[in-house]
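Here are a few friendly notes to read alongside the structure. Keep the 3D view open and look for each item as you go.

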Amino acid sequence: MHIVNNAEAKKFNFLDIVQQTLAGPETGLQTFEVWLMTLKPGKESPSYSHPGEVVWVILKGSGRVTVDGDVAQVGPNTTLSIPTGSSRQLINTGSDELVMLTIRGLIPSQQSSPLGKNLGL
């Protein structure tokens with residue numbers, strides 16, 4: 001078991017997004033990672049696709065999401081399941097910070113064996 005105090009998790013900025021890794025390979029997980037992400041009002045994430053599955057759980061704020069050309073409004077208590085390889089972008093359209101959890105499947109080359117060795121697949 002690994003416990004993280006979310007308030008103390010290291011923060012870093014990536015293209016206007018403040019990100020904190022709450023769980024992942026560094027906490028013993030082998031197939032996914034969890035991030036807490038904050039997007040300031042008026043800011044947007046880059047359009048990006050990930051070779052694994054992704055789930056976004058909107059905790060606070062509001063915005064507009066585009067996944068493979070489909071557009072939807074999101075707000076608190078919204079969960080998006082994003083298929084493998086889908087292009088996605090999030091824009092904070094509200095006046096408050098948009099805060100969300102990102103659960104991201106690791107691609108095989110990022111996964112490790114039970115012995116802690118990278119599988120390199």
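1. How many bridges pair strand β5 with β8, and in which sense do they pair? Please bear in mind that this model is predicted. Strand β5 covers residues 54-60, and five bridges link β5 to β8 in the antiparallel sense. You can pick out one pair by eye: Val 57 has Thr 79 of β8 as its bridge partner.

2. Now step back to the whole chain. The protein chain has ten strands and zero helices, so if you write down its elements in sequence order you get β-β-β-β-β-β-β-β-β-β (the strands here are DSSP runs, numbered from the N terminus). Of the 121 residues in the protein chain, 37% are buried. The protein chain exposes about 7100 Å², and carbon and sulfur atoms supply 54% of that area. Take the contacts in the protein chain with a separation of 6 or more: residues 24 or more positions apart account for 60% of them.

3. Next, trace the open sheet of six strands. Its order is β1-β2-β3-β10-β5-β8, with antiparallel pairing. Strands β1 (11-14) and β8 (78-82) stand at the edges with a single partner strand each, so one side of each has no neighbour in the sheet. On average, neighbouring strands of this sheet are turned by 25° against each other, direction ignored.

4. Within that sheet, β10 (98-105) deserves a slow look. Which strands does β10 pair with here? One is β3, which runs antiparallel to β10 and is joined to it by eight bridges. Another is β5, which pairs with β10 in the antiparallel sense over six bridges. Try finding Met 100 of β10: Met 37 stands opposite Met 100, and Met 100 is also the bridge partner of Ile 58. Six of the eight residues of β10 are buried, so β10 is largely enclosed by the rest of the structure.

5. There is also an open sheet of four strands, and I would trace it in the order β4-β9-β6-β7. The pairing in this sheet is antiparallel as well. Its edge strands are β4 (48-49) and β7 (70-74), each of which pairs on one side only.

6. Follow β9 (87-92) through this four-stranded sheet. Two bridges pair β4 with β9 in the antiparallel sense, and Ser 49 stands opposite Ser 87 of β9. Strand β6, residues 63-67, pairs with β9 over five bridges, again in the antiparallel sense. Here Arg 64 stands opposite Ile 91 of β9. How many of the six residues of β9 are buried? Five are, and β9 is mostly covered.

7. Two serines in loops make a nice exercise. Is Ser 86 buried or exposed? Ser 86 lies in the loop between β8 and β9, and it counts as buried because its relative accessibility is 5%, while the cut-off for buried is under 20%. Leaving aside neighbours within four places in sequence, Ser 86 is in contact with Tyr 48, Ser 49, His 50, Val 67 and Asp 68.

8. The other serine is Ser 95, found in the loop between β9 and β10. Ser 95 counts as exposed because its relative accessibility is 68%, and exposed means over 50%. If you have a distance tool, try Ser 95 and Gly 63: these residues are 32 apart along the chain, and their C-alpha atoms are separated by 9.8 Å.

9. Finally, please look at the largest pocket. Rolling a probe the size of a water molecule over the atoms shows where empty space is left. The largest pocket holds about 310 Å³ of space, and 18 residues line it. Which residues lie nearest its centre? They are Ile 17, Trp 35, Met 37, Tyr 48 and Arg 88. The elements that give two or more residues to the lining of the largest pocket are β2 (17-23), β3 (32-39), β9 and β10. You have already seen Met 37, which stands opposite Met 100 in β10.

Conventions: Residues numbered from 1 in each chain as written. Predicted model: local features only at pLDDT ≥ 70, side-chain atom pairs only at ≥ 80, totals over all residues. Heavy atoms only, no water. Pairing = 2+ DSSP bridges. Axes fitted to C-alpha atoms, helices over the stretch in contact; angles between N-to-C directions. Buried < 20%, exposed > 50% of the residue type's maximum accessible area, 1.4 Å probe, protein only. Contact = heavy atoms within 4.5 Å. Areas by Shrake-Rupley, 256 points an atom, 1.4 Å probe, with all protein chains shown as cover. 1 Å grid on protein atoms, 1.4 Å probe; cavity = no way out; pocket = protein on both sides within 12 Å on 5 of 7 lines; lining within 4 Å. Points joined across faces, edges and corners; volume = space filled by probe spheres on them.
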